[in-house]
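This report covers the backbone of one protein chain, from a single hairpin to the overall fold. Please look at the sequence and the structure before reading on.

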Amino acid sequence: MQVQDSDGGEAVMSGYRARPLIEGFPGKSSTHGAFGWSSLWLLDDGERRVLVDTGQPAYIPLIHDGLARLGLTADDVTDVLLTHMHWDHVSNFTMFGSATVWVGEQELAWAAEQPAGTKFIPDLHVQELLRRSEGVERMSAGQEILPGIHAVASAGHTPHHLAFFTERAEQTMLFAGDAVKNIHELATLRADSSMDDAQSTRTIDRLRSLLADTSGVLVPGHDTGLVLADGEVHRVRPQRADIGYFADGITGEQDRSID
Ligand SMILES: [Zn+2]
């Protein structure tokens with residue numbers, strides 16, 4: 001697309017700018033449940049501001065901070081895309097009051113069939129997505145949801161998981177959600193926490209091939225952006241989580257950060 005720049009000359013618009021609001025982190029705890037430290041990215045083409053996944057409840061201040069760094073508020077988000085119906089990706093869709101929320105039709109129907117107490121499924125969020133007649137759109141694999149943004153079938157982690165792919169950006173972007181949660185899964189083609197291990201391996205293999213063909217960036221559900229170079233997987237940025245620990249009654253907060 002050609003647009004006039006401020007000097008009256010022609011500048012080339014590259015489409016969406018893709019920026020992380022919160023970088024995912026690939027930690028887990030067997031004693032205290034999933035960390036749920038998922039990836040939240042924003043695509044902005046000057047017209048639309050498209051949020052990919054909405055994170056978990058503890059992310060709310062981080063979402064506000066991440067938007068503020070870009071000069072934005074939650075009301076500036078025009079579209080929210082949900083990769084799948086897990087609590088750490090879905091929980092904050094209600095805070096984007098001006099946005100259209102895009103949810104996989106089959107994924108939502110599957111989640112609605114699961115009994116209360118099914119792991120990782122936030123019952124009330126599922127019910128609210130079903131209930132809303134305005135502001136929620138159903139989407140399917142293979143669909144071009146928004147200009148240049150395509151939904152990609154990526155089953156395994158959940159039965160109807162969707163990834164999102166766009167070439168309308170500075171670099172080709174592939175938002176894998178939890179189809180590829182971290183660097184280890186992309187490197188080994190083996191998924192932790194999958195409902196179908198063989199299906200997950202096929203999905204990761206397919207998404208990795210797409211990444212290789214396009215020389216782009218893959219954003220996993222719980223890690224920084226990943227690239228392929230000479231057949232190896234690399235993070236685009238170093239990974240770090242700041243963690244404080246109150247070990248006893250005397251010392252105060254101790255730094256137990258991970259990097
Ligand atoms: Zn998940």
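## Hairpin and backbone angles

Leu228 has Val233, in strand 15, as its bridge partner. The model is predicted. Strand 14 (residues 226-229) and strand 15 (residues 232-235) run antiparallel and are joined by four bridges. Two residues lie between the strands of this hairpin, and Asp230 takes a positive phi near 55° there.

Most residues other than glycine have a negative phi. Where else does a residue that is not a glycine have a positive phi, about 70° in one case and about 75° in another? Asp53 has the value of about 70°, and Phe120 that of about 75°. The table places each of these residues in its loop.

| Residue | Phi | Loop between |
|---|---|---|
| Asp53 | about 70° | strand 5 (49-52) and helix 1 (60-69) |
| Phe120 | about 75° | helix 3 (105-113) and helix 4 (123-131) |

Are these two residues buried or exposed? Asp53 counts as buried because it has 31 C-beta neighbours inside 10 Å. Phe120 also counts as buried, with 20 C-beta neighbours inside 10 Å; the cut-off for buried is 20 or more.

## The whole protein

The protein contains six helices and 17 strands. Its radius of gyration is 19 Å, close to the 18 Å that the globule rule gives for 259 residues, so the protein is as compact as a globular protein of that length. Along the principal axes, the C-alpha atoms fill a box of roughly 65 × 45 × 40 Å.

Of the 259 residues, 41% are buried. Among contacts with a separation of 6 or more, 53% are between residues 24 or more positions apart.

Conventions:
Residues are numbered from 1 along each chain as its sequence is written. This is a predicted model: local features need pLDDT of at least 70, side-chain atom pairs count only at pLDDT 80 or more; totals for chains, interfaces and linings use all residues. Two strands pair if DSSP finds at least two bridges between them. A residue is buried if 20 or more other C-beta atoms lie within 10 Å of its own, exposed if 12 or fewer, and partly exposed in between; C-beta atoms are placed from the backbone. The radius of gyration is taken over C-alpha atoms; the globule rule is 2.2 Å times the number of residues to the power 0.38. Two residues are in contact if their C-beta atoms, placed from the backbone, lie within 7 Å.
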